[in-house]
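Biologist: Could you take a close look at one part for me, the cysteines? I'd like to know what they are doing about pairing, and what sort of surroundings they sit in.

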Amino acid sequence: MIILGIDPGLATVGYGIIEKTSKGIKMVDYGTITTPPTEDTPVRLAQIADGVTKLIAQYKPDAVVVEELFFNTNITTGIKVAEARGVILYRAALECGSLFEYTPLQVKSALTGNGRADKKQIQFMVRATLGLTEIPKPDDAADALAIAICHANTSEYGQRRA
(Lines give C-alpha, C1' and ligand atoms only; values in the text may rest on other atoms or scores of the structure.)
Protein backbone atom coordinates (compact mmCIF):
# COMPACT_ATOMS: atom_id res chain seq x y z
CA MET A 1 0.00 0.00 0.00
CA ILE A 2 1.35 3.42 -1.02
CA ILE A 3 0.41 6.24 1.36
CA LEU A 4 0.82 9.96 0.64
CA GLY A 5 0.94 12.05 3.81
CA ILE A 6 0.41 15.80 3.53
CA ASP A 7 1.16 18.54 6.06
CA PRO A 8 -0.88 21.51 4.78
CA GLY A 9 0.39 25.08 4.53
CA LEU A 10 0.25 28.04 2.18
CA ALA A 11 3.96 28.84 1.89
CA THR A 12 5.11 25.24 2.35
CA VAL A 13 3.19 22.00 1.95
CA GLY A 14 5.08 19.01 3.26
CA TYR A 15 4.62 15.63 1.64
CA GLY A 16 5.84 12.17 2.49
CA ILE A 17 5.27 8.97 0.56
CA ILE A 18 5.69 5.62 2.26
CA GLU A 19 4.99 2.04 1.30
CA LYS A 20 3.47 -0.40 3.78
CA THR A 21 4.02 -4.07 3.06
CA SER A 22 3.86 -7.27 5.08
CA LYS A 23 7.55 -6.67 5.84
CA GLY A 24 7.03 -3.20 7.33
CA ILE A 25 7.10 0.43 6.28
CA LYS A 26 9.64 2.05 4.00
CA MET A 27 10.14 5.60 2.82
CA VAL A 28 9.59 6.21 -0.88
CA ASP A 29 10.01 9.99 -1.15
CA TYR A 30 9.48 13.23 0.72
CA GLY A 31 9.76 16.95 0.11
CA THR A 32 7.77 20.14 -0.12
CA ILE A 33 5.58 22.11 -2.46
CA THR A 34 6.49 25.75 -1.97
CA THR A 35 4.76 28.91 -3.10
CA PRO A 36 6.32 32.38 -3.32
CA PRO A 37 5.01 34.94 -0.82
CA THR A 38 5.06 37.58 -3.57
CA GLU A 39 2.21 35.83 -5.41
CA ASP A 40 -1.46 36.46 -4.71
CA THR A 41 -3.22 33.78 -2.68
CA PRO A 42 -5.31 32.39 -5.59
CA VAL A 43 -2.12 31.83 -7.61
CA ARG A 44 -0.47 30.10 -4.66
CA LEU A 45 -3.52 27.88 -4.16
CA ALA A 46 -3.40 26.89 -7.83
CA GLN A 47 0.30 26.02 -7.46
CA ILE A 48 -0.52 23.80 -4.47
CA ALA A 49 -3.33 22.11 -6.42
CA ASP A 50 -0.98 21.45 -9.33
CA GLY A 51 1.69 20.08 -7.00
CA VAL A 52 -0.71 17.69 -5.26
CA THR A 53 -2.11 16.54 -8.60
CA LYS A 54 1.42 15.80 -9.88
CA LEU A 55 2.33 13.85 -6.73
CA ILE A 56 -0.77 11.70 -7.00
CA ALA A 57 -0.19 11.09 -10.71
CA GLN A 58 3.47 10.15 -10.12
CA TYR A 59 3.10 7.89 -7.07
CA LYS A 60 -0.48 6.63 -7.49
CA PRO A 61 -1.13 6.34 -3.74
CA ASP A 62 -3.72 3.97 -2.34
CA ALA A 63 -4.53 6.58 0.31
CA VAL A 64 -3.95 10.28 0.85
CA VAL A 65 -3.70 11.38 4.47
CA VAL A 66 -3.97 15.02 5.54
CA GLU A 67 -3.41 16.52 8.97
CA GLU A 68 -6.34 18.39 10.47
CA LEU A 69 -5.72 22.00 11.41
CA PHE A 70 -4.80 23.18 14.86
CA PHE A 71 -5.03 26.91 15.63
CA ASN A 72 -3.08 28.61 18.35
CA THR A 73 -3.50 32.37 18.14
CA ASN A 74 -2.99 33.73 14.61
CA ILE A 75 -6.39 33.36 12.94
CA THR A 76 -5.26 35.23 9.80
CA THR A 77 -2.55 32.66 9.12
CA GLY A 78 -4.98 29.90 10.04
CA ILE A 79 -7.47 31.04 7.42
CA LYS A 80 -4.81 30.96 4.68
CA VAL A 81 -3.71 27.47 5.75
CA ALA A 82 -7.35 26.37 5.81
CA GLU A 83 -7.75 27.61 2.23
CA ALA A 84 -4.67 25.63 1.19
CA ARG A 85 -5.96 22.58 3.05
CA GLY A 86 -9.27 22.87 1.21
CA VAL A 87 -7.50 22.83 -2.15
CA ILE A 88 -5.44 19.81 -1.04
CA LEU A 89 -8.54 17.90 0.11
CA TYR A 90 -10.36 18.72 -3.11
CA ARG A 91 -7.53 17.53 -5.38
CA ALA A 92 -6.91 14.42 -3.27
CA ALA A 93 -10.59 13.48 -3.33
CA LEU A 94 -10.75 13.93 -7.11
CA GLU A 95 -7.45 12.27 -7.97
CA CYS A 96 -7.26 9.45 -5.42
CA GLY A 97 -10.66 9.07 -3.78
CA SER A 98 -9.25 7.40 -0.66
CA LEU A 99 -8.80 10.32 1.71
CA PHE A 100 -8.21 10.26 5.47
CA GLU A 101 -7.62 12.90 8.14
CA TYR A 102 -5.88 12.77 11.51
CA THR A 103 -5.52 15.32 14.27
CA PRO A 104 -2.07 16.26 15.60
CA LEU A 105 -2.98 14.39 18.80
CA GLN A 106 -3.73 11.21 16.83
CA VAL A 107 -0.43 11.47 14.94
CA LYS A 108 1.59 11.99 18.13
CA SER A 109 -0.18 9.12 19.89
CA ALA A 110 0.29 6.74 16.95
CA LEU A 111 4.02 7.42 16.69
CA THR A 112 5.03 7.75 20.34
CA GLY A 113 2.12 6.55 22.44
CA ASN A 114 1.98 10.06 23.92
CA GLY A 115 -0.43 12.68 22.57
CA ARG A 116 1.72 15.42 24.09
CA ALA A 117 4.96 14.35 22.41
CA ASP A 118 7.14 17.21 21.18
CA LYS A 119 8.46 17.73 17.67
CA LYS A 120 11.85 16.15 18.46
CA GLN A 121 10.18 12.95 19.69
CA ILE A 122 8.05 12.75 16.56
CA GLN A 123 11.06 13.33 14.30
CA PHE A 124 13.05 10.68 16.16
CA MET A 125 10.24 8.15 15.65
CA VAL A 126 9.94 9.02 11.94
CA ARG A 127 13.68 8.41 11.51
CA ALA A 128 13.60 5.19 13.55
CA THR A 129 10.43 3.78 11.95
CA LEU A 130 11.73 4.35 8.42
CA GLY A 131 15.30 3.24 9.23
CA LEU A 132 16.78 6.56 8.09
CA THR A 133 20.24 7.78 9.07
CA GLU A 134 19.00 11.29 9.76
CA ILE A 135 15.78 13.18 10.36
CA PRO A 136 14.11 14.28 7.11
CA LYS A 137 14.29 18.02 6.43
CA PRO A 138 12.51 20.37 6.31
CA ASP A 139 10.19 19.87 9.27
CA ASP A 140 7.13 20.04 6.99
CA ALA A 141 8.30 16.92 5.15
CA ALA A 142 9.07 15.08 8.41
CA ASP A 143 5.58 15.99 9.64
CA ALA A 144 4.05 14.64 6.43
CA LEU A 145 5.93 11.35 6.84
CA ALA A 146 4.64 11.18 10.43
CA ILE A 147 1.07 11.58 9.17
CA ALA A 148 1.60 8.79 6.63
CA ILE A 149 3.13 6.51 9.30
CA CYS A 150 0.18 7.26 11.58
CA HIS A 151 -2.19 6.02 8.86
CA ALA A 152 -0.08 2.95 8.14
CA ASN A 153 -0.20 1.99 11.82
CA THR A 154 -3.77 2.98 12.66
CA SER A 155 -5.73 3.15 9.42
CA GLU A 156 -8.75 1.43 10.94
CA TYR A 157 -9.16 4.48 13.20
CA GLY A 158 -8.80 7.22 10.60
CA GLN A 159 -11.68 9.39 9.60
CA ARG A 160 -12.38 8.58 5.99
CA ARG A 161 -13.55 11.60 4.03
CA ALA A 162 -13.84 10.40 0.45
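Modeller: Here is the cysteine story first, then the fold around it. Keep in mind that this is a predicted model. The disulfide count comes to zero. Cys96 is in no disulfide, and the nearest cysteine sulfur, that of Cys150, is 17 Å away. A disulfide needs the two sulfur atoms within 2.5 Å, so the sulfur of Cys150, at 17 Å from the closest one, in Cys96, is too far for a bond. Their surroundings are worth a look too: Cys96 is partly exposed, with a relative accessible area of 22%, while Cys150 counts as buried at 0%.

Now zoom out. Buried residues make up 46% of the 162 in the protein, and Cys150 is a buried residue as well. The chain builds five helices and six strands, running β-β-β-α-β-α-β-α-α-α-β along the sequence. For contacts with a separation of 6 or more, 63% join residues 24 or more positions apart. As for overall size, the radius of gyration is 15 Å, which agrees with the value near 15 Å for a compact globule of 162 residues. Along the principal axes, the C-alpha atoms fill a box of roughly 45 × 35 × 30 Å.

On the outside, the protein exposes about 8,300 Å², with carbon and sulfur atoms supplying 52% of that area. For your electrostatics, there are 17 positive and 18 negative side chains, and the centres of the two sets lie 4 Å apart.

Note on methods
Residues are numbered from 1 along each chain as its sequence is written. This is a predicted model: local features need pLDDT of at least 70, side-chain atom pairs count only at pLDDT 80 or more; totals for chains, interfaces and linings use all residues. Side-chain values use heavy atoms; hydrogens and water are left out. Buried means under 20% relative accessible area, exposed over 50%, partly exposed in between (1.4 Å probe, protein chains only). Helices (H or I, at least four residues) and strands (E, at least two) are DSSP runs, numbered from the N terminus. The radius of gyration is taken over C-alpha atoms; the globule rule is 2.2 Å times the number of residues to the power 0.38. Contact means heavy atoms within 4.5 Å. Accessible areas come from the Shrake-Rupley method with a 1.4 Å probe; for residues, only the protein chains shown count as cover. Lys and Arg count as positive and Asp and Glu as negative; His and the chain ends are not counted. The place of a charge is taken as NZ of Lys, CZ of Arg, CG of Asp or CD of Glu.
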